[in-house]
Amino acid sequence: MKKFLLSTATVALLAGAAQADDVPIGIILGFTGPIDSLTPAMGDAAELAMAEVNASGNFALGTVVSVRGDDGCIDSGLAVATAERLVTSDGVRGIVGGDCSGVTGAMLQNVARPNGVVMISPSATSPALSTAEDDGLFFRTAPSDARQGQVVADILRDRGVNSIAITYTNNDYGAGLAASIEAAFEAAGGTVTLVASHEDGKADYSAEVGALAAAGGEVLVVAGYLDQGGRGIIRSALDLGAFDTFELPDGMVGDTLTEVFGDEINGTFGQHPGTDSPGASQFGELAAAAGFDGTSAFAPESYDAAALIMLAMAAAGSTDPQVYKEHVMDVANAPGEMIYPGQLGHALEIIAAGGDVDYVGASAVELIGSGESAGNYREVEVVDGAFQTVRYR
């Protein structure tokens, strides 16, 4: 397993064994799989926060070391094996991840709970995770799809859409999101003509699209993955003339989609977690300086997930997850001095002096309930073959 020792401004490769004062933190994301175009920026964002903490010299518990692992997004066997390796062999003291909901739940129940390790997911959005047994170890900086379903319904109704069909990737993420969208849209007075699953990895989606087209609908909601079946559904729908406008939830919003379709999908719209808070622009500048796109889906949430783990450790005075898990909500919410990207060193100074911090971060963090984001969304539309921001909700 590669380990990344985070220095002043860059992430330098560390060869050999970890040092006694290292604090390993895992980053487990789908570096392969159906959202692999999104995860590089997510991993870079988490490591940016780690580098910032190390550079400050104010983290008294040691040098933070990033240990990356692949969960494949939809491969629970791989995800569990990866998490077990990072926990038992690499000794990670916390995990940024997973990314997709099914593998996140598998890692939580099979690795994190048995070993008492904190997980903060930047992108697992299934509503089922809100009530999962977690022993106080699981948090997420992305909002539940119960919230996204309502946002989708609001966007559709604001655009005058009265009827939709929904296709979803056949897993926990897709099924939970589709159910949330259906319920919210119908409650708003809209008509859902058909809700049908699709499998990833197929070469031909004409049968699925044919059924959706026969049911009708002004817009096709594609609750899938941009680098897998969701892309295939759109390709087939365009080729068959079945639909020309699509509503794209978070797993479908990324530049690789518009690179493939360009202006073929002009007018298509969607959303992903995002905010226009001061922290978002500050994070964007830091990300640009580090060489990645800070507006990429779930990159801000990844920075925030890593930051919360480290600030909670500092507040607890311990890297023991059973101790610092009690401080995650404290550092994430008021009262305290508001902390934005680039201010992690200052936050550590406040904590060391006995003060309180209210971590706002890159995504306007506020953790509610059992430890999940209250939720903000960036609405986007494809204009001239590229995603453009419409508004924030």
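The exercises below, each with a worked solution, treat one sheet and the cavities of a predicted model.

Residues are numbered from 1 along each chain as its sequence is written. In this predicted model, local features need pLDDT of at least 70 and side-chain atom pairs count only at pLDDT 80 or more, while totals for chains, interfaces and linings use all residues, and side-chain values use heavy atoms, with hydrogens and water left out.

**Exercise 1.** Determine the order of the strands in the open sheet, and which strands stand at its edges.

*Solution.* Begin with the strands themselves, which are DSSP runs (E, at least two residues; helices are H or I, at least four), numbered from the N terminus, and count two of them as paired if DSSP finds at least two bridges between them. Seven strands then form an open sheet with mixed pairing, in the order E9-E8-E10-E11-E12-E17-E18. Strand E9 (191-198) and strand E18 (386-392) each have a single partner strand, so one side of each is left without a neighbour in the sheet.

**Exercise 2.** Trace the pairing outward from E10, and state the hand of the crossover from E10 to E11.

*Solution.* On one flank, strand E8 (residues 163-169) runs parallel to E10 and is joined to it by five bridges, with Ala165 opposite Leu220. Next, E10 pairs in the parallel sense with strand E11 (residues 246-248) over two bridges, where Phe246 is the bridge partner of Leu220. Between these two strands the chain passes through helix H7 (residues 229-240), in a β-α-β crossover that is right-handed (clockwise from the first strand over the helix to the second, with the strands pointing away from the viewer). Finally, E11 pairs with strand E12 (residues 269-273), again in the parallel sense and over two bridges, and Glu247 has Phe269 as its bridge partner.

**Exercise 3.** Decide whether the two faces of E10 are covered or open.

*Solution.* Take buried to mean under 20% relative accessible area, with a 1.4 Å probe and protein chains only. Val219, Val221 and Ala223 on one side are buried, as are Leu220 and Val222 on the other, and both faces are therefore covered. Because five of the five residues of E10 (residues 219-223) are buried, the strand is largely enclosed by the rest of the structure.

**Exercise 4.** Count the cavities of 30 Å³ or more, and characterise the lining of the largest.

*Solution.* A cavity is a set of points on a 1 Å grid, over the protein atoms alone, where a 1.4 Å probe fits but cannot get out, and its volume is the space filled by probe spheres set on the points. The count is three cavities of 30 Å³ or more, and the largest has a volume of about 90 Å³. Its lining (residues with an atom within 4 Å of a point) includes Ile35, Asp99, Tyr173 and Phe298, and divides into five nonpolar, three polar and two charged residues.

Key: 1 Å grid on protein atoms, 1.4 Å probe; cavity = no way out; pocket = protein on both sides within 12 Å on 5 of 7 lines; lining within 4 Å. Nonpolar A, V, L, I, M, F, W, Y, C, P; charged D, E, K, R; others polar. Buried < 20%, exposed > 50% of the residue type's maximum accessible area, 1.4 Å probe, protein only.
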